[in-house]
Amino acid sequence: MSRRITIDPVTRLEGHGRIEIFLDEAGDVERAFFQVPELRGFEEFCKGRPAEEMPRITPRICGVCPTTHHMASTKALDDLWKVEPPRTAKLLRELVNSAFMVEDHYIHFFFLGGPDFVVGPQAPAAERNILGVIAKVGLEIAGQVIRVRKECRNIIRTLTGKVIHPVFGLPGGVSRGMSEEERAEFIDTAKFAVEFAQFALQIFRDVVLKNKDYVDVILSDAYSHQTYYMGLVDEDNKVNFYDGKVRVVDPSGKQVAKFAPREYVDYIREHIEPWSYISFPYLKSVGWKGFVDGPDSGVYRVAPLARLNVSDGMATPLAQQAHDEMYEILGGKPVHATLAFHWARLIEALYAAERMVELLEDPAITGEHIRNLPTKTPKEGVGIVEAPRGTLIHHYQSDERGILTAVSLIVATNHNAAPIAMSVEKAAKGLIKKGNVSDGLLNMVEMAFRAYDPCFACATHAIGQTPLEVTVFAADGTVLERIAR
Amino acid sequence: MPRTLIIGYGNLDRADDGVAYFVINTLRRRLGQAALPEDNTGLEELGAQTDSIFLPQLVPELIDTLADYDQVIFVDAHVLEDVPDLFCTPVLPEYTPSAFTHHVTPAMLLALLHGLHHREPAAHILSIRGYEFDFHRGLSAVTRTVADQAVEHILRSAAPSVSVSTCCHTPIEPEKPSH
């Protein structure tokens, strides 16, 4: 009898995601679908609006990545008007982006996804959270996480006006500079962030790497996909979150493309499936071969592990050491273990913190020249930055007055949509046999899913919490069983 | 005397999802406080017997603020058909993050507060049914009416003469028939 299993967060309004798993006649998994059954419509909504409004509009796509949407949008405006921001403005923008990367990576690692490992993959779900981390590592850790997030958000709030809906980036520059007093305060934050990042990595070493069972889970085939990878790199092919070129490597780690933001349309195409409103980007040169991995499939991955895989290393010393350690332990580049995204996330947090120190110690960051006024006629612009959960592309076209005629946004979770679907299917196939749906399905699927740090949400209006529910349907639609928490 | 914090949250740009902003500012005016401009959360102006803030989302750092209060009322929109348009429910500490989202729930905040500060204020979620979530500002007529009821309900629940843990025990006044 054919059956359908649905994993559905039933109370979402925005960013609604759903997983549907179809069983065959034998009760084994035939296919699993990751769906986004809501049309966001932002691209259409933005047409006809003045382009300069986009850095204020696009952060409202979601309350989770507002800073990086603001940055990608601002860079797209630079390109639209062909105006180069002064160095001070670039330093300030990168500082804000780096501070956001630190605070966002930690909310994921300590509050959302990381506890899967710090507390343990086999621990009850009720314990796999920050409170479980506290129980395992000590109360002090939570206070430190909250402090580093609070102070980084203070940098963002001070410079951009608002943490969630920034008013900072302008075509050709930024809206405000930084005082020496602010710099002195922010350096303390940045240095604390470096210290904390090293501490966080030590927790990972002590709790995860010293436990063979955990390492085995990380390296298990159930959580591995041999895909292409994509991410921004600087001129030395080092990881960069704010600027540079997009580099793509194949499943063996060999570079297959390196392109400027404006050229992305020559390399990326989007596949559409009738059962989802999310698009599935793939590499144009390889082609869409379905939800499969390997060198013949154009599916690629973005976000922390992908960024490290495409790079020749980190641009700061402590992060470089941590980078080398990870690849030495996991067997060299590229690493295909999906759960290693957590480790890479911590290395990136260290890089972002070190970069904050570098930026703040640059005397030019308190310069007074913070904007070059655009003078050219706008036509087309592309901005790319790295969001915590992957490469973020904003592409605008406008008339000569700067009124938008076309908008294309490829967000991080778009890039990873196909790999997420593949990871979910692999986990489901590994767990569901002969129609037996284990409670462990939720844990296994969640772990595969969470590693990517996907995000479909910004509205936060649930009574209580967002439930996760697995429902097993018979072919006639009858509910056979339901697992929920 | 017990202190109460009212936390409204939601998205101002998605019509009824911003209902808590309307509730918070109506409440502030009724309490003789200045309404919050869009770019002001209210977090810098705390210290009254009854404080109120509006946020786009809940974040872990809020626990440092929550630690100073005896009662917390979360105000939010809901879309559930099987509960009343104005619905109050107690919320207890529980930390279960969703696999799908990045948001922190009231229950998660309370769990953090208890874990880190050993505080457990009485807490409730006052939910207001939303009907329109398009990309615009302003409330639908029905939600606006329920929001007014919500303000009256909070005022009764948070009155200085009322002890804590009362929000959900205070009867929700039925909507007056319109003529």
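Helices (H or I, at least four residues) and strands (E, at least two) are DSSP runs, numbered from the N terminus. The views below show a predicted model.

**Figure 1. The loop of chain B that holds H118(B).** H118(B) sits in the loop between α3 (106–117) and β5 of chain B. Its phi is positive, about 55°, although H118(B) is not a glycine. The relative accessible area of H118(B) is 59%, and the residue counts as exposed because exposed means over 50%.

**Figure 2. Overview of chain A.** Chain A contains 15 helices and 16 strands. It has 485 residues, of which 65% count as buried. Among its contacts between residues at least 6 apart in sequence, 68% join residues at least 24 apart. The exposed area of chain A is about 16,500 Å², with 50% of it supplied by carbon and sulfur atoms.

**Figure 3. Two backbone features in loops of chain A.** The peptide bond from K333(A) to P334(A) is cis, and its omega is near -10°. P334(A) belongs to the loop between α11 (317–330) and α12 (341–361) of chain A. In another view, K82(A) lies in the loop between α3 (66–81) and α4 (87–112) of chain A. K82(A) is not a glycine, yet its phi is positive, near 50°. With a relative accessibility of 41%, K82(A) counts as partly exposed, because this value falls between the limits of 20% for buried and 50% for exposed.

**Figure 4. Helix α1(B) and the elements that cover it.** Helix α1 of chain B spans residues 19–30, which makes 12 residues. At 1.5 Å a residue the helix should span 16 Å, and the 17 Å between its end C-alpha atoms agrees with this. The helix is mostly covered, with 9 of its 12 residues buried. These buried residues are V19(B), A20(B), Y21(B), V23(B), I24(B), N25(B), T26(B), L27(B) and R28(B). Strands β1 (4–9), β2 (50–55), β3 (71–78) and β5 (122–129) of chain B are among the elements that cover them, as is helix α4 (141–157) of chain B. After α1(B) comes G32(B), with a positive phi near 80°.

**Figure 5. The largest pocket and its lining.** The largest pocket holds about 890 Å³ of space. It is lined by 35 residues, and those closest to its centre are R157(A), V163(A), T41(B), L43(B) and L55(B). Helix α7 (139–160) of chain A gives two or more residues to the lining, as do β2 and α2 (63–66) of chain B. The largest share, 4 residues, is that of α7(A). By residue type, the lining consists of 13 nonpolar, 10 polar and 12 charged residues.

**Figure 6. T41(B), one of the residues closest to the centre of the largest pocket.** T41(B) is found in the loop between α1 and β2 of chain B. Its relative accessible area is 27%, and T41(B) is therefore partly exposed, since buried would mean under 20% and exposed over 50%. Leaving aside residues up to four places away in sequence, T41(B) touches L36(B), S52(B), I53(B), F54(B) and L55(B). T41(B) and P56(B) are 15 residues apart along the chain, and 8.9 Å separates their C-alpha atoms.

Key. Residues are numbered from 1 along each chain as its sequence is written. Chains are lettered from A and ligands numbered from 1 in the order in which they are written. This is a predicted model: local features need pLDDT of at least 70, side-chain atom pairs count only at pLDDT 80 or more; totals for chains, interfaces and linings use all residues. Side-chain values use heavy atoms; hydrogens and water are left out. Buried means under 20% relative accessible area, exposed over 50%, partly exposed in between (1.4 Å probe, protein chains only). Contact means heavy atoms within 4.5 Å. Accessible areas come from the Shrake-Rupley method with a 1.4 Å probe; for residues, only the protein chains shown count as cover. The expected span of a helix is 1.5 Å times one less than its number of residues. On a 1 Å grid over the protein atoms alone, a cavity is a set of points where a 1.4 Å probe fits but cannot get out, and a pocket is an open set with protein on both sides within 12 Å along at least five of seven lines; lining residues have an atom within 4 Å of a point. Grid points are joined across faces, edges and corners, and a volume is the space filled by probe spheres set on the points. Ala, Val, Leu, Ile, Met, Phe, Trp, Tyr, Cys and Pro count as nonpolar, Asp, Glu, Lys and Arg as charged, and the others, Gly among them, as polar.
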